[in-house]
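Please walk through the structure shown below, moving from a single residue outward to its cores, its charged pairs and its annotated spans.

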Amino acid sequence: MVKFSKELEAQLIPEWKDAFVNYWQLKKQVKKIKLSRKNKQTQDIINHDFGLSIFDPIRFLARKFSHKLINQSTTTDNIIQVKSKVMEDGDEEVYETELAQLFSEEDEIRVFFESLDDELNKVNQFYKTKESEFLERGEILNKQLQILVDLKQILSDRRRKPNSGILSRSWSSSARNSDFSEGTGALSDSGSETPTQTDDVIAALERNGVNFINAATRSKTKKGKPKMAMRIDIPAETPTRTITAVTSMLWEDLVNNPKKEGHGDFINRKKIQCAEKMIRGAFVELYRGLGLIKTYSSLNMVAFTKILKKFDKVSNQKASASYLQVVKRSHFISSDKVVRLMDEVESIFTKHFTTNDRKKAMKFLRPQQQKDSHMVTFFVGLFTGCFVSLFSVYAILAHLAGLFSANSELAYMEIVYPVFSVFALLCLHLFMYGCNLFMWKSTRINCNFIFEFSPTTALKYRDAFLICTTFMTAVVGAMVVHLLLRASGFLPSQVDAIPGVILLFSICLLICPFDIFYRPTRYCFLRILRNIICSPFYKVLMVDFFMADQLTSQIPLLRHLETTACYFMAGSFKTHRYETCKNGRLYRELAYVISFLPYYWRAMQCARRWFEECDVDHLANMGKYVSAMVAAGARLTYTRESNYLWFGIVIVTSVVATLYQLYWDFVKDWGLLHRNSRNPWLRDDLILKNKSIYYISIAINVVLRVAWVQTVMRFHINNVEWRMLDFFMASSEVIRRGHWNFYRLENEHLNNVGKYRAVKAVPLPFWSMDSDD
């Protein structure tokens, strides 16, 4: 049977952990009461005035029986009295317990009930705060939904009667940092529409919070149209919306000539669909939040019940019944507003978003998480064994063929090595991500909430290990086949096509439209890559810049892809001439572009976030990636022009970039190096209990950050050893990034915990404007 403390730890909401009953502290206090009773009983035995005799067992039973009679005759109301009083502000009700009976362990029991009262008051107050927050959000969403229904009705009537009226918008931007398309709508009437119909539409919208300028007198524009003070905020998440918002801002800020009224874009069906999608997402998040607060209430109730039962057992009293009655009457148990709002959200969502299909609505509101399959674990073990066996066979064959000797054929390392290195680095990164997922799950870090992943399709650590082992088994198997065919006398042009076939197959599998091999994850990965490549035109989410940071650690992989693509696309594999690409000027210049691109994408994401949030930290973060870009370019140039000038440039730029990166890693990304912290030079809150792990991680990150030193040191090694060193340094950077990932998300999770942020804030589309045009 699982202990309740472990069950509570597994089921509580991580972001609200501090707001739950501190069951573990109360349990320690119950143990103190138990120890106090044992000590007193031992003291009584030592101090009793009679010696050991055959009558001692009879006396012990008689004393125990008399205690039971006394306890039964004592009513529970006489043991404790729980009083409630209202604070001076009149909003907060607190509970205080008074001991109505003397206990032998009175001090320990008084401390226990004081702590219990504090926990009850804390839970009550937190529940009231969250309840009022979600109720307010529900009222706002109801108004938003009603406006949406009215606008959809207007558009529906307009489609049936094309001349019955036009609902138009004139776009404007009110602030520099706005990423929304804002505007003022106007409802125009034509000759075929009667004033009564127009008034009915305006009245319906006004009832739901859409204010009209001079609504009391129904003032109209020069053309007789009533002016509607409403804007529809559609987030600039796509390139089209971003360009529209920026051009609109420039038109108004630079030209200072806003668009004339009545000549803007129409509130068409597409914009209404975007608004509907936003409101639907807001309802889903509202329902999720209501479910969390319902779970919060039930878990705390069970915690109070369990700890009071432990107290009764230890103290041989029956105080739990009276205290539990107070708990049940408290607000977090007696209030039914959350349950009623959940039922209301279910009915609204079913009616307006799933055309009365309740089963479909529940798939949105209550997504079912995937169950762990033992088959996944089995295949992970199977492919791991296959990989180890095949790699051993490959190492033996390569040694017999003399591939890793100083006199080995140069073409093998120049042709085959880049392709297989791509897969090896990719699988290593997947393996590190699987380790991250395992650690995040073990430490209760809610990575799905942070990345905004769907719980039904989110990748689990077993799935990441399965993908990794599957690919590595296939790649090492291909390497073995490649060596066997070379030894059998096949032409190099025929054998060297195998790496290209594997790469082509992997790309086809990545974009495969069929629902096989984790299609939601594959498409999510492609969507994130699209957002990164098109930076800064897409809105930057946490998962976008997290993935862009991963790409900055995979520049060697991108360089190997460049070599492989050039080799196969130029047809060099037919002639077996690997020098064709490396001697080309375009290839050498493209190396600079590939080395710069990941840092450029990340810098553009920082610029986009600064434009939206006006936070100077984003500009400082952009400076970090610009410095890394300069250092990477200097090191690449030094490998081609080895002189003292470039050596000095490399040292200066690399040292500046490294110090910049280390500061940002420890202070901003990990949230460490706080001088006045409870944990010296760390932070106040730590998820890992062992502090030394953080100090070791800081040292490891410093060592791996300065790995660039090997690029300026001239090692006298042959080509094979240089390739192996290159692969080792690339692998160490991937390992450093996987190590960095855990602490980055730990810091983000602790930020959410500090703000009790367990539900995503979804922007709403409809807002009223009070200013006259």
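Asn752 touches Glu15, Phe449, Ile450 and Arg757, when residues up to four places away in sequence are left out of the count. In this predicted model, Asn752 belongs to helix α28, which runs over residues 719–754, and because its relative accessibility is 3%, below the 20% limit, Asn752 counts as buried.

From this one residue we can turn to the nonpolar cores. The largest of them has 74 residues, and those with the most contacts inside it are Trp16, Phe112, Phe113, Leu116, Phe283 and Tyr296. At least two residues of this core come from each of the helices α1 (4–11), α2 (23–47), α4 (106–160), α7 (269–315), α8 (320–329), α10 (337–353) and α11 (358–365). Of the contributors, α7 gives the most to this core, with 22 residues. Another core lies apart from it and holds 69 residues, among them Leu437, Tyr461, Leu551 and Trp670.

Helix α10 deserves a separate look. It has 17 residues and reaches 23 Å from its first C-alpha to its last, which is close to the 24 Å expected at 1.5 Å a residue. The buried residues in α10 are Val338, Leu341, Met342, Val345, Glu346, Ile348, Phe349, Thr350 and Phe353. A general property of helices helps in reading such a list: an α-helix has 3.6 residues a turn, so residues three or four places apart point the same way. Just after α10, Thr355 takes a positive phi of about 50 degrees.

Glu346 also brings us to the charged pairs, since its side chain meets that of Arg358 in a salt bridge, with 3.0 Å from N to O. Arg358 lies in helix α11 and Glu346 in helix α10, so the pair ties together parts that are 12 residues apart in sequence. How do the two partners stand in terms of accessibility, buried or partly exposed? Arg358 is partly exposed, with a relative accessible area of 46%, whereas Glu346, at 7% relative accessibility, counts as buried.

A further salt bridge joins the side chains of Asp336 and Arg340, at 3.4 Å from N to O. Here Asp336 is partly exposed, with a relative accessible area of 40%, and Arg340 counts as partly exposed at 48% relative accessibility.

Later in the sequence, Arg678 forms a salt bridge with Asp685, and the closest N and O atoms of this pair are 3.4 Å apart. Arg678 counts as exposed at 59% relative accessibility, while Asp685, at 46%, counts as partly exposed. Besides such pairs, salt bridges that share partners join Asp665, Arg705, Glu733 and Arg736 into one network. The count of salt bridges in the model comes to 25.

The last topic is a set of spans taken from a record. The unreviewed UniProt entry carries the annotation "transmembrane region" for residues 376–403, 415–435, 464–485, 497–518, 644–663 and 693–713. What does the model show over two of these stretches? Over residues 376–403 the chain is 93% helix and 0% strand, with the end C-alpha atoms 36 Å apart. The span of residues 464–485 is 100% helix and 0% strand, and its end C-alpha atoms lie 32 Å apart.

Technical notes: Residues numbered from 1 in each chain as written. Predicted model: local features only at pLDDT ≥ 70, side-chain atom pairs only at ≥ 80, totals over all residues. Heavy atoms only, no water. Core = buried A, V, L, I, M, F, W, Y, C linked by side-chain atoms within 4.5 Å. Buried < 20%, exposed > 50% of the residue type's maximum accessible area, 1.4 Å probe, protein only. Helix = DSSP H or I, 4+ residues; strand = E, 2+ residues; numbered from the N terminus. Salt bridge = Lys/Arg side-chain N within 4 Å of Asp/Glu carboxyl O. Contact = heavy atoms within 4.5 Å. UniProt positions renumbered as here; feature names shortened; annotations may be inferred. Expected span 1.5 Å × (residues − 1).
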